[in-house]
Amino acid sequence: MHVSRLSPALGAEVINSDIRSLSNDEFARLRQTWNEAGGLLVIRNQQLEADDQVAFARRFGELFGEADQFQESVLKNLLPGQPALYRVSNKVDSSGEPLGRARAGTYWHSDVSFRRQPAQASLLYGIEVPDHGGDTQFASLSAAYNGLSEAMQTLLQPLNAVHDFRVAAVSSGTYSTADLNSGDFDGANRWTHPVVVRHPETTKPTLYVNPGFTSHLEGFERTESDALLGYLYQHCQRPEFVYRHRWQPRDLLIWDNRCTMHCAISDYTADRYLHRATVIADTPVSYMA
Ligand code: SIN
C-alpha cells in the first residue's frame with residue numbers, strides 16, 4: 001500500500017491496496033492513516049461487489065440499514081437486497097424508475113448529524129462517474145476549529161446546537177414533497193449536539209455544525225444564532241480547509257463525519273452511480289466533558 005497526502009488540511013490517496021483482503025494489522029494501519037489524514041481516504045482502483053463493500057464497512061462499526069434505520073425518505077434509494085447500501089445516482093431504469101437519489105448531498109453537511117447516534121465513517125464507491133464534473137468537496141472541521149482565535153474557541157466550547165433533518169428537507173432545494181415522508185419529521189431526526197466535540201479516536205477538538213442539518217444554537221436569539229453559524233460556515237469553507245475530489249471509476253472514499261463535512265457538486269449531466277455504506281457513531285461528546 002502506498003499513501004500520499006492530497007492536501008494539507010485533509011485527505012490521503014491510497015494506491016496498491018485491495019481492501020477485500022486486509023489483515024487485522026493492515027486494517028488497523030489503514031484506520032490510523034485515515035485519522036492522520038484528517039478523516040479522508042481516497043482508495044483507488046477497487047473491485048467491489050456490494051457484499052464486499054458492506055463487509056469492509058462493518059470493520060469500522062455497525063451500519064445504518066442494519067443496526068439502525070436511515071430516515072424514511074432514504075429507504076426507497078437503498079440497493080434492493082442490500083439495505084446497508086444507499087444508492088446515489090441520477091440514473092433511471094428502463095421504466096423510468098430512479099436508480100438512486102439524484103443530486104444527493106449537494107449542500108454542505110455531515111451525514112446523519114440529526115440523530116443521537118449520527119454517522120461515523122461513510123464509504124462511497126464510485127461505480128460510474130462523469131469524465132469531468134460531479135466532484136465532491138470535503139472540509140476539515142478540526143482544521144477549521146484550529147484556525148479560530150482562542151477567544152472564539154472559548155466562546156464556542158460550552159455551546160450546543162440543534163440538528164434537524166427538516167433543515168435540509170425544507171431549505172436545501174433538493175427535496176420535493178414526493179421525496180419526503182411524514183416519518184422523516186416524527187422526532188427521531190432531530191438531536192442536540194455540542195458545537196465543539198472531542199474526536200473519539202484522535203481526542204482532538206473539532207467543530208460539529210453544518211449548514212445542511214444544523215438548525216440553531218441553543219439559548220441564542222435566532223438572528224444571533226444565524227450570524228454566528230453563518231460566520232462558522234464561511235470560515236470552514238475557506239480554501240485552506242477544503243479538498244475537492246475529482247472522481248475516477250472504482251475510487252472508494254472513506255470520510256469521517258465526526259470531523260468533516262462534504263458537499264457534492266451538481267454540475268454534470270453524464271451518468272453518475274455510486275454506493276454508500278454509512279457507519280453509526282457513538283453519541284458525540286463535548287470537548288469540555
Ligand atoms: C453524499 O452526500 O453522500 C453524496 C456525495 C456525492 O454524491 O458525492
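## Helix H6

In this predicted model, the buried residues of helix H6 are Leu228, Leu229, Leu232 and Cys236. Seen down the axis of H6, these buried residues fall within an arc of 95 degrees, and therefore they line one face of the helix. On the other side of H6, the exposed residues are Thr223, Gly230, Tyr231 and Gln234. A general rule helps in reading such a pattern: an α-helix has 3.6 residues a turn, so residues three or four places apart point the same way.

The length of H6 can also be checked against expectation, because its 15 residues, 222-236, should span 21 Å at 1.5 Å a residue, and its end C-alpha atoms are 21 Å apart, which agrees.

## Helix H1

Helix H1 covers residues 24-36, and its 13 residues reach 18 Å from the first C-alpha to the last, close to the 18 Å expected at 1.5 Å a residue. Just after H1 comes glycine 38, which takes a positive phi of about 70 degrees.

## Strand E6 and its partners

Strand E6 is made of residues 119-128, and eight of its 10 residues are buried, so the strand is largely enclosed by the rest of the structure. Seven bridges join E6 to E16, and the two strands run antiparallel; here tyrosine 125 stands opposite histidine 275 in E16. E6 is also joined to strand E14 (residues 252-256), by five bridges and again in the antiparallel sense, and in this pairing alanine 121 stands opposite aspartate 256.

## Two open sheets

One open sheet has three strands in the order E9-E8-E12, with antiparallel pairing. Strand E9 (190-194) and strand E12 (214-217) stand at the edges, where each has a single partner strand, so one side of each is left without a neighbour in the sheet. From one strand to the next, the twist averages 25 degrees. Within this sheet, strand E8 (residues 160-164) pairs with E12 over three bridges in the antiparallel sense, and the bridge partner of valine 162 is histidine 216 in E12.

Another open sheet of three strands has the order E13-E7-E15, and its pairing is antiparallel. Its edge strands are strand E13 (242-245) and E15, each of which pairs on one side only, and the twist averages 20 degrees from one strand to the next. Strand E7 (residues 136-140) is joined to E13 by four bridges, with the two running antiparallel, and glutamine 137 stands opposite arginine 244 in E13.

## The hairpin of E1 and E2

Strand E1 (residues 2-5) and strand E2 (residues 12-15) run antiparallel and are joined by four bridges, with alanine 12 in E2 as the bridge partner of arginine 5. The hairpin that they form has six residues between the strands, and in it glycine 11 takes a positive phi near 105 degrees.

## Around the ligand

The residues that surround the ligand are Val88, Ala104, Gly105, Leu124, Thr136, His262, Ala264, Leu274 and Arg276. Sorted by class, this shell has five nonpolar, three polar and one charged residues. Strand E15 (260-264) and strand E16 (273-280) each supply at least two residues of the shell. Both strands have appeared above, since E15 is an edge strand of its sheet and E16 is joined to E6 by seven bridges.

Conventions: Residues are numbered from 1 along each chain as its sequence is written. This is a predicted model: local features need pLDDT of at least 70, side-chain atom pairs count only at pLDDT 80 or more; totals for chains, interfaces and linings use all residues. A residue is near a molecule or strand if its C-beta atom, placed from the backbone, lies within 6 Å of it. Ala, Val, Leu, Ile, Met, Phe, Trp, Tyr, Cys and Pro count as nonpolar, Asp, Glu, Lys and Arg as charged, and the others, Gly among them, as polar. Two strands pair if DSSP finds at least two bridges between them. Axes are lines fitted to C-alpha atoms, for helices over the stretch in contact, and angles run from 0 to 180 degrees between N-to-C directions. The expected span of a helix is 1.5 Å times one less than its number of residues. A residue is buried if 20 or more other C-beta atoms lie within 10 Å of its own, exposed if 12 or fewer, and partly exposed in between; C-beta atoms are placed from the backbone. The arc is that of the directions from the helix axis to the C-beta atoms.
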